[in-house]
Amino acid sequence: MSSTGRKIHVLGAGLVGPLMAVYLARKGFQVELIERRPDMRKTDIAAGRSINLALTARGIRALKGVRLAEEVMKIAIPMKGRMVHDREGHTQLQPYGQKPEEVIYAVSRGLLNMLLLDAAEKCDGLNITFNRRCAGYDEKTGALTLQDEGTGAQETVETNVVIGADGAWSALRKSMMGAVENFSYAQDFLDYGYKELVIPSAADGGFLMEKHALHIWPHKSFMMIALPNTDGSFTVTLFYPYKGENSFEKLTMEAEVTAFFSEYFPDALPLMPGLTQDFFANPTGALVTVKCRPWHIGGKALLLGDAAHAIVPFFAQGMNSGFEDCAILNAMIEGDNPDWQAVFEKFSAARKPDTDAIADMAVENFTEMRDSVTDPRFLLKKKVGFEIERRWPEKFIPRYSMVIFHDEIPYAEARRRGALQAKLLEKLCADIDSPDDVDWRQAEKLVGEML
Ligand SMILES: Cc1cc2nc3c(=O)[nH]c(=O)nc-3n(C[C@H](O)[C@H](O)[C@H](O)COP(=O)(O)OP(=O)(O)OC[C@H]3O[C@@H](n4cnc5c(N)ncnc54)[C@H](O)[C@@H]3O)c2cc1C
């Protein structure tokens, strides 16, 4: 096998690119990992779109596949559930699962990215080039055009196989759109943007709110969340409409921001001394779903992670699904000289229904987080759902748990089963107000018939 045949170019050293590069290098491939930005371990640059992220079972499993999970866990904070804050500042913890191990983990994006870069750098046959932007890909010749971000100079490199992990605005995908006949592409922006803010640590470095929870301030049409960081601070994210009566466009002066927080987030306001400064200094980010097809050009090029399927963050599965991509693709690559076209076809066919499913569930979950978590009927069904899971665990697992904790259940299957379970819960809870009133004989019958 020629050396070019064993060489793979991976575009993007964000979260997914380095993990895929490590998988490939450990299989003995020669990997060129190419990143547009400078090396974040040496320069003070923001790591990307959110300061911290929730890591869940699918992502952890993929990290285990290259023995990185243990190291990542050292920088992770377990979160047991949603801590819901009301307008009076009262809080209520809604557990994510019902077993002790059913927790999700807050991780700093920057630390995680650096850990992945370190792991990639340690691999034999893996080379990372920073400050090089992919400026185009010629699908006929396999030539990649790379631009030096410092000098602007361009060079063309020959490739055998290119994997585009270059994010939601992928340059590889853009080239594919021009080259592939009938390339389908859809981008769907929410009418909401997001703004990142901070609750700093206490003077002694401790946490000013419960550390082991994802904090949520739900307000039906908008919400704010906060995830803990290892330094005692919380990264706070406000999800708010761009336009309208309650919207970012109405918050143009410091007094308006303070009044808004005082009305809707009264317990958070005193914990945010830098609020108004951060509010106007930090950008308002967009929330987009990207779906496209095909994900590959023959055996030459493949899209992975956000480049193939960017999703909104309300199920915390963007990175997790991208990491899962890496593990699934890795398992399909067999032998020293794989038939890349067959591998890419198999991967896309297997994976696309699942990433479409999580994309749709992520949008649906926005309503759950900002609105339903305070709805007594939602809470009733959640409790009843946990009890059904306890009684018939092989038949019923709450949809949230299937997505977050059950990496053996593909997303599309979680969606299908989740829809049936929702109907069952609807029937079972139609005429009751408390989990104590459930007719368990009827429940057993419905579980047998419907699931
Ligand atoms: C507010 C918010 C919160 C989120 N929270 C979560 C969460 O809790 N859990 C979760 O799982 N997911 C979350 N996500 C989603 C997650 O951020 C993404 O799914 C994840 O970053 C995708 O990884 P990626 O490597 O595919 O893309 P990215 O992380 O975007 O990395 C792409 C890399 O490619 C580089 N690049 C771009 N263009 C080029 C080019 N032309 N040439 C070379 N390099 C290039 C970029 O510089 C970047 O380093 C969240 C997203 C947002 C917006």
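These are my notebook entries on the domains, the ligand shell, the core and two local sites of this structure, which is a predicted model.

**Entry 1, domains.** I looked up the division of the protein and found domain 1 (7-77 + 107-186 + 290-364), domain 2 (188-286) and domain 3 (375-450). I then took the centres of domain 1 and domain 3 over C-alpha atoms, and they are separated by 35 Å. For the contacts between these two domains, I noted eleven residues of domain 1 against nine residues of domain 3. On the domain 1 side, the elements giving two or more residues are α2 and α10 (340-370), and α10 gives the most, with five residues. I classed the residues of that side as six nonpolar, two polar and three charged.

**Entry 2, helix α2.** Since α2 had come up at the side of domain 1 that touches domain 3, I checked how far this helix, residues 57-64, is covered, and six of its eight residues are buried. The buried ones are Ala57, Arg58, Gly59, Ile60, Ala62 and Leu63, and I listed α1, β3, α3 (69-73), α9 and α12 (399-404) among the elements that cover them.

**Entry 3, ligand shell.** I counted 35 residues around the ligand, the closest being Gly12, Gly14, Gly167, Gly305 and Gly318. Two or more residues come from each of α1 (16-26), β3 (52-55), β9 (132-138), α8 (306-309) and α9 (318-332), with α9 giving the most, namely four residues. By class, I recorded 15 nonpolar, 13 polar and seven charged residues in the shell, and by domain, I found that domain 1 and domain 2 each supply at least three residues.

**Entry 4, nonpolar core.** The largest nonpolar core holds 125 residues, and those touching the most other members are Leu19, Met20, Ala21, Ala120, Ile163 and Leu172. The element that gives the most to this core is α1, with eight residues. I followed Ile163 further and, leaving out residues up to four places away in sequence, found it touching Ile8, Val10, Leu11, Met20, Leu302 and Leu304.

**Entry 5, Pro241.** I placed Pro241 in strand β16 (residues 234-241). Is Pro241 buried or exposed? I counted 17 other C-beta atoms within 10 Å of its own, and because 20 or more would be needed for buried and 12 or fewer for exposed, Pro241 is partly exposed. Beyond its neighbours within four places in sequence, Pro241 is in contact with Asp191, Tyr192, Phe222, Asn246 and Ser247. I also took the C-alpha separation of Pro241 and Leu190, which is 8.6 Å for residues 51 apart along the chain.

Methods
Residues numbered from 1 in each chain as written. Predicted model: local features only at pLDDT ≥ 70, side-chain atom pairs only at ≥ 80, totals over all residues. Contact = placed C-beta atoms within 7 Å. Near = placed C-beta within 6 Å. Nonpolar A, V, L, I, M, F, W, Y, C, P; charged D, E, K, R; others polar. Domains from an automatic or database assignment. Core = buried A, V, L, I, M, F, W, Y, C linked by C-beta atoms within 7 Å.
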